[in-house]
Amino acid sequence: MARAQGARAQMALAFETIYGTPPVTGFTRMPFATASLGAEQPLQASELLGYGRDPLEPIKDALTADGNVVVPIDAEAYGFWMKGAFGAPTTTGEGPYTHVFESGNWSLPSFSVEVGMPEVPSFAMYSGCMVDSFSWSMGRSGLLTSTVELVAQGEDLDTSTQIGTPATLSLKRFGHFNGSVGRNGVNIGNIVSAELTYQNNLDRIETIRADGKIEGADPSIAAMTGNITVRFADATLLNQAIGGQACALTFGYALPTGEALTVSVPRVFLPRPRREISGPQGVQVTFAWQAAQQANGDPMVSVTIVNGIEGY
């Protein structure tokens, strides 16, 4: 008897033309490490009296479909998640291509994700998916991955795949050693670690429907936040925090073959941090930064990906 194994799991993604309607073609195989994307429908216990001590049968409550996927940050596949988070990019070049994704769009694309376990067989199609947030941490070593939080409209189960033969991508993965953090165009020294999180803060439209699904999800006020932990070697960042000035931060990765990913946050504010001396080792300071839109109204954050894909 076959049993489900994570090593054989598959994931494919395609953007929708109509919200909640999976496309017939156009799916692309997505690399992923873990996935908690799923639907759940709790039961409401009966409150009725007069039928003895044993309760009557429960009834079904509303359906909720959401979860996250942990994916590698690479030069090609990660662009699909960025399109979900920001909308379609502006693409220039003739190979390599430069794709620029920008925050601020009120209308975000929806997509369908099929997660398959062929040995059972069981294939789950999640339609009406939208990116609620993405985040990752930068360090000196380890595997570089990003957590993408999703909100979906619903889940449909089948015993066979519904996507045909998906397109495949070349996995050109970035590593921590390819990373850099810059402030006002200059690399910051003494960086121990960094974290960044972008949130669309999706508002689920929970209307009365016979199928229990949501009507959609609307983006509300976005947020770009993170942490920078540095060895306390000079007062540059501390003085900025005390003075309340803004700076531009960039988080980037580049491969020797030319592929690159850069997150640009032009207007970042730093809080005044606590400086703790916990022992004889070096003193570290953590700045929990927040981003805001630019003074001229330009986007709060942009993500630039350079690769060989002609368009997303």
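Here are two short exercises on this predicted model, each with a worked solution.

A few ground rules: residues are numbered from 1 along each chain as its sequence is written, and side-chain values use heavy atoms, leaving out hydrogens and water. Because the model is predicted, local features need pLDDT of at least 70 and side-chain atom pairs pLDDT 80 or more, while totals for chains, interfaces and linings use all residues.

**Exercise 1.** Work out how Tyr-78 and Trp-136 are arranged as an aromatic pair.

*Solution.*
- Start with the rule: rings of Phe, Tyr and Trp (its six-membered ring) pair if their centres lie within 6.5 Å, with planes under 30 degrees apart called stacked, over 60 edge-to-face and the rest tilted.
- The whole structure holds twelve such pairs.
- For Tyr-78 and Trp-136, the centres are 5.9 Å apart and the planes sit at 75 degrees, so we call the pair edge-to-face.
- Next, place the partners: Tyr-78 belongs to helix α1 (residues 78–86) and Trp-136 to strand β11 (residues 122–138), so the pair ties together parts 58 residues apart in sequence. Helices (H or I, at least four residues) and strands (E, at least two) are DSSP runs, numbered from the N terminus.
- Finally, zoom out: both join one aromatic cluster, with Phe-86, Phe-134, Phe-174, Tyr-198 and Tyr-253.

**Exercise 2.** Find where Lys-83 sits relative to Phe-15.

*Solution.*
- Check the criterion: NZ of Lys or CZ of Arg must be within 6 Å of the ring centre and within 35 degrees of the ring normal.
- Lys-83 lies over the face of Phe-15, 4.3 Å from the ring centre.
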